[in-house]
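Hi,

Here's the structure I said I'd pass along. Have a look at it first, and my notes on what turned up are underneath.

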Amino acid sequence: SFSIALDSQELLDAPAVGEFFKSRVEPLPSFVDGDVFVPPLGAITPSRHYFLFGRPISTTEIDASNRTECQSVYNLARDAVEEGIVRLQEEVRSRDP
């Protein structure tokens with residue numbers, strides 16, 4: 001799904017970002033007089049959100065200057081996240097209507 005938060009004119013009139021967008025679209029050619037196109041600002045959000053909280057990974061005994069130890073903890077965290085994603089896809093999403 002896609003939710004449009006602001007349209008072109010609202011973006012151009014926005015206090016924080018309006019001038020930025022105006023400077024970006026001014027040099028662009030337009031085939032319609034007076035028309036300004038600013039890509040819509042929005043968010044693509046999935047229709048479902050799945051969460052899985054795994055076991056904590058302690059880093060208290062890790063020496064931050066030891067690249068081997070840091071790589072080991074990184075690999076452990078990466079593997080846990082990847083396994084969690086697979087678990088959610090196979091066990092949860094597959095049964096979700």
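The largest pocket holds about 450 Å³ of space. Bear in mind that this is a predicted model. Sixteen is the count for the lining: 16 residues, with Gly54, Arg55, Ala80, Val81 and Glu83 lying nearest the centre of the pocket. If you sort that lining by class, you get ten nonpolar residues, two polar ones and four charged ones.

Val81 is one of the residues nearest the pocket centre, and its place is in helix H3, which covers residues 67-92. Is Val81 buried or exposed? Val81 has 52% relative accessibility, and since the cut-off for exposed is over 50%, Val81 counts as exposed. Gly54, another of those nearest the centre, sits 27 residues from Val81 along the chain, and the C-alpha atoms of the two are separated by 8.3 Å.

Now for the nonpolar core. In soluble globular proteins, nonpolar side chains tend to be buried together. Here the largest nonpolar core has five residues in all: Leu11, Leu12, Phe21, Val25 and Val38. Helix H1 (8-13) and helix H2 (18-25) each supply at least two residues of this core.

Glu10 is also in helix H1. With a relative accessible area of 40%, Glu10 is partly exposed, because that value falls between the 20% and 50% cut-offs. Between Glu10 and the core residue Val38 there are 9.7 Å from C-alpha to C-alpha, and the two are 28 residues apart along the chain.

As for the whole protein chain, there are three helices and two strands, and from the N terminus on the order is β-α-α-β-α. Of its 97 residues, 11% are buried. The exposed surface of the chain comes to about 8,500 Å², with carbon and sulfur atoms supplying 57% of it. On contacts, if you take those between residues at least 6 apart in sequence, 60% join residues at least 24 apart.

That's what I have so far. Shout if anything is unclear.

Cheers

Conventions. Residues numbered from 1 in each chain as written. Predicted model: local features only at pLDDT ≥ 70, side-chain atom pairs only at ≥ 80, totals over all residues. Heavy atoms only, no water. Helix = DSSP H or I, 4+ residues; strand = E, 2+ residues; numbered from the N terminus. Buried < 20%, exposed > 50% of the residue type's maximum accessible area, 1.4 Å probe, protein only. Contact = heavy atoms within 4.5 Å. Areas by Shrake-Rupley, 256 points an atom, 1.4 Å probe, with all protein chains shown as cover. 1 Å grid on protein atoms, 1.4 Å probe; cavity = no way out; pocket = protein on both sides within 12 Å on 5 of 7 lines; lining within 4 Å. Points joined across faces, edges and corners; volume = space filled by probe spheres on them. Nonpolar A, V, L, I, M, F, W, Y, C, P; charged D, E, K, R; others polar. Core = buried A, V, L, I, M, F, W, Y, C linked by side-chain atoms within 4.5 Å.
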